[in-house]
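Colleague: I have a new model open and would like to learn how to read it. Could you walk me through it, feature by feature?

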Amino acid sequence: MRGFSLVELMVASALVGIVAGGLMLATLSQTSGYRHAWNVGVAQDTLRLALRRIIRDVRAASATSRTGTVTLGSGTVDVNGAPASQVPTVWVTNSSSGPDRLDIIYGHYNDGATAAILLAPLTAGATNAMVSSDTNFGPGRYLMISDYTNAMLLPLTRAATWGTVNGVAAASVGDFSITNPIPSGQYQAGAIAALGESRSLRVAPGYFGKDTPALVLGGGLFGGGEEPLAEGVEDLQIAVGIDGLNGQPADGVITEVGAGPNDDEWVYNVAGDSPPPLSATVAAVRVTLVARTHSAEPGTAPARPDAEDRPAGTPDGFRRRTVRTLITVRNNMPVVP
Ligand SMILES: [Ca+2]
Ligand SMILES: [Ca+2]
């Protein structure tokens, strides 16, 4: 019986080697193709979800305060590097070399709850407010009193107690200490008593380990813990639109020039833009999010793209997806006289 010759064996094993090698290569490239698609898919999903949440929060900004600012009952917070007792309902802590931070303030009612109102005027020196419902107002919460145009934010430290005002059941909420001035004539009976809310958005580098940053949502003005909103987000860039800024007409249109600093109605779209005045009413917020894949891909050289006033990064092998959206701050519409 004839066996295989040495030559035949060598040819056969070479053929097997070639076929197996080809298969292995195909498998390898399929794996990396799949990994790439999966990575990019995750980045994209992450961005979409984060953006939906941001749009919801920013749209709510300034609810119950149409001027676009809120007065603190006492104390100050730093806005644009200086202490302020009257704070914007939308403000950006800007950077042109790293991610930005966005803070927003708004008042709201519990879902389905009846709108609460002030039942007795809030006067200077008051330590509590008489309101028509205690649904929202426990210790650790914030009472936001608004005359539909201006608003004041008051921290609550105790549970509500019930009494009466002119024979009507009224919840006494407090205790606070009003040391910042209440504009005269404001906060009469009938003013809105809403739950004051604040949110902050920032990028936390290395939140999920060395190479994985995250977009995190925090309690803004009120501090407290942060929760991750989206994994892999490495840049958050914000520009705010203010009608009538830098000599442009206040005509309901936010004009963009962007050739140099302070040449248009967008702030932080170009490096060198001055922070907006504290009393400025932000009419629109433009948000750019850049998410990147979990790991760098060897042999590729993508880089973080430029966004607003932040230039592009250097090539590092991470794939990225960018989303950008324009959000109108619906509560900051001009007050019609
Ligand atoms: Ca910026
Ligand atoms: Ca600008």
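**Reading the sheets**

Modeller: Let's begin with a small open sheet: three strands in the order β8-β12-β11, with antiparallel pairing. Keep in mind that this is a predicted model.

Colleague: Which strands of that sheet stand at the edges, and what does that leave them without?

Modeller: The edge strands are β8 (128-131) and β11 (161-165); each has a single partner strand, so one side of each has no neighbour in the sheet. As for the twist, neighbouring strands here are turned by 40° against each other on average, ignoring direction.

Colleague: How should I read the pairing itself?

Modeller: The general idea is that strands of a sheet pair through backbone hydrogen bonds, and the pairing can be parallel or antiparallel. Take β11 and β12 (residues 168-174): five bridges link them in the antiparallel sense. If you want a spot to click on, G163 stands opposite A170 in β12.

Colleague: What joins G174 to the residue after it?

Modeller: A cis peptide bond, with D175 on the other side and omega at about -10°. D175 itself lies in the loop between β12 and β13.

Colleague: In what order do the strands of the four-stranded open sheet run?

Modeller: The order is β17-β16-β18-β19, and the pairing is antiparallel. Its edge strands, β17 (266-267) and β19 (320-328), each pair on one side only. Between β16 (residues 233-241) and β17 there are two bridges, in the antiparallel sense. V240 has V267 in β17 as its bridge partner.

**One strand, two partners**

Colleague: How do I work out where side chains point along a strand?

Modeller: In a regular strand, side chains alternate between the two faces of the sheet. Look at β1 (residues 69-72): T69 and T71 point one way, V70 and L72 point the other way, and all are buried.

Colleague: Which strands is β1 joined to?

Modeller: Three bridges join β1 to β4 (residues 86-88), and those two run antiparallel. Two bridges join β1 to β10 (residues 151-155), and that pair runs parallel. T71 takes part on both sides: its bridge partner in β4 is Q86, and in β10 T71 stands opposite M152.

**The core**

Colleague: How many residues are in the largest nonpolar core?

Modeller: It has 72 residues, and those with the most contacts inside it are L118, V131, L143, I145, A193, V233 and V240. Strand β13 (residues 192-204) gives the largest share of this core, six residues. A193 is a good place to look around: leaving out residues up to four places away in sequence, A193 touches A116, I117, L118, A129, V131, L143 and I145.

Colleague: And what share of the protein is buried?

Modeller: Buried residues make up 38% of the 337 residues. As for secondary structure, there are one helix and 19 strands. Among contacts between residues at least 6 apart in sequence, 62% join residues at least 24 apart.

**A helix residue and its distant contacts**

Colleague: Is there a residue in the helix worth following?

Modeller: Try T46, which is found in helix α1 (residues 6-60).

Colleague: Why does T46 count as buried?

Modeller: Because 21 other C-beta atoms lie within 10 Å of T46, and the cut-off for buried is 20 or more. T46 touches A230, E231, G232, V233 and A291, not counting residues up to four places away in sequence. T46 and G232 are 186 residues apart in sequence, yet 7.8 Å apart in space, C-alpha to C-alpha.

**Backbone oddities in loops**

Colleague: Where is Y148 found, and is it buried or exposed?

Modeller: Y148 is found in the loop between β9 (142-146) and β10. With 12 C-beta neighbours inside 10 Å, Y148 counts as exposed, because the cut-off for exposed is 12 or fewer. The backbone angle to check is phi: for Y148 the value is near 80°, which is positive in a residue other than glycine.

Colleague: What about N262: what is its phi?

Modeller: Phi of N262 is near 55°, again a positive value in a residue other than glycine. N262 is in the loop between β16 and β17. N262 is partly exposed, because 13 other C-beta atoms lie within 10 Å.

Technical notes:
Residues are numbered from 1 along each chain as its sequence is written. Chains are lettered from A and ligands numbered from 1 in the order in which they are written. This is a predicted model: local features need pLDDT of at least 70, side-chain atom pairs count only at pLDDT 80 or more; totals for chains, interfaces and linings use all residues. A nonpolar core is a set of buried Ala, Val, Leu, Ile, Met, Phe, Trp, Tyr and Cys residues joined through C-beta atoms within 7 Å. Two residues are in contact if their C-beta atoms, placed from the backbone, lie within 7 Å. Two strands pair if DSSP finds at least two bridges between them. Axes are lines fitted to C-alpha atoms, for helices over the stretch in contact, and angles run from 0 to 180 degrees between N-to-C directions.
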